[in-house]
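Please walk me through this structure, taking the cysteines, the helix packing and the backbone in turn. I would like the criteria behind each term to be stated as the terms come up.

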Amino acid sequence: MIVRTLERALLADCFERIVCATDSEKIAEEVSRAGFEFILTGPAATGSDRVAEAARALDLDLVVNLQGDEPLVEPSLLAQVAEALSETPEYWVTVACPLDPKEATLKTVVKVRVEDGFAVDFTRDVPPEEASRWYQHQGIYAYSRAARDEFASLPQNEVELSRSLEQMRIMGKRPIRIVQSPYPSISVDVPSDAEAVEARIRCERR
């Protein structure tokens, strides 16, 4: 799954460098075997904390954080995110796509409220009757060195911990710009998600 996600990033054809940040030697070995670069980090509270550590070690400024559970990400979307970050490096950048109303109460699908192109709230479940007011959040973040260092310097807050949503640590402190995508997202959070991804890949190969 992670190798396929890296391959999607490569297809975006917009990154100077593609690096897998992980604390797992097994993952690092698989990534290296597939021809990709990796960096080993220490334990991290969230993916963005891990990326902040890796980016400091690699002396990087602008970084797109593609989570390893996004093996179907659209490469052109990654290029849009990278462009948005270059345009507005003072913001966090992330992605929203259409929310399937049937997934309004599904906690593994993160929802985001968007106003004037910026996120105003994230949650894991919403009442079905309010689904039309929300988008599905996709596992992509982009940020500058200053934005990452700010995030990593802050303690985890109650909302972040209770919702298990790292972006709530920075909400209200730095604007979160939304790139809207027409492509539905399937993040692999539970075994049934992996089955759905595999079925989609089989269809693409026919």
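How many disulfides does the structure hold? The structure holds zero disulfides, where a disulfide is a pair of cysteine sulfur atoms within 2.5 Å. This is a predicted model, in which local features need pLDDT of at least 70 and side-chain atom pairs count only at pLDDT 80 or more, whereas totals for chains, interfaces and linings use all residues. Residues are numbered from 1 along each chain as its sequence is written, and side-chain values use heavy atoms, with hydrogens and water left out.

Cys14 is in no disulfide, and the nearest cysteine sulfur, that of Cys20, is 17 Å away. Seen from the other side, the closest cysteine sulfur to that of Cys20 is in Cys14, and the 17 Å between them is too far for a bond. The two residues can also be described by their accessibility, for which buried means under 20% relative accessible area, exposed means over 50%, and partly exposed lies in between, with a 1.4 Å probe and protein chains only. On this scale Cys14 is partly exposed, with a relative accessible area of 33%, whereas Cys20 is buried, with a value of 8%.

The helix packing can be followed from the N terminus, from which helices (H or I, at least four residues) and strands (E, at least two) are numbered as DSSP runs. The axes of helix α1 (residues 2–11) and helix α2 (residues 25–33) come within 10 Å and cross at roughly 50 degrees; such axes are lines fitted to C-alpha atoms, for helices over the stretch in contact, and the angles run from 0 to 180 degrees between N-to-C directions. Angles under 35 degrees count as roughly parallel, over 145 as roughly antiparallel, 65 to 115 as roughly perpendicular and the rest as oblique, and α1 and α2 are therefore oblique to each other. The meeting involves Ile2, Val3 and Leu6 in α1 and Ile27, Glu30 and Val31 in α2, with contact meaning heavy atoms within 4.5 Å. Within α1, the buried residues are Arg4, Thr5, Leu6, Arg8 and Ala9.

A second helix pair is formed by α3 and helix α5 (residues 145–153), which pack at an angle of about 125 degrees with their axes 9 Å apart. That angle makes α3 oblique to α5. The contact is made by Ser48, Asp49, Val51, Ala52, Ala55 and Arg56 of α3, together with Arg148, Asp149, Phe151 and Ala152 of α5.

Trp92 lies in strand β4 (residues 92–97) and is buried, with a relative accessible area of 0%. Leaving aside residues up to four places away in sequence, Trp92 touches a set of residues that includes Ser48, Tyr141, Phe151, Ile170 and Arg177. The C-alpha atoms of Trp92 and Arg145 are separated by 11 Å, although the two residues are 53 residues apart along the chain.

The backbone remains to be considered. Most residues other than glycine have a negative phi. Asp59, although it is not a glycine, has a positive phi of about 60 degrees; it is placed in the loop between α3 (47–58) and β3 (63–66) and is exposed, with a relative accessible area of 56%. Ser164, also not a glycine, has a positive phi of about 55 degrees and is found in the loop between α6 (158–163) and β8 (176–180). Asp13, which follows α1, has a positive phi near 55 degrees.
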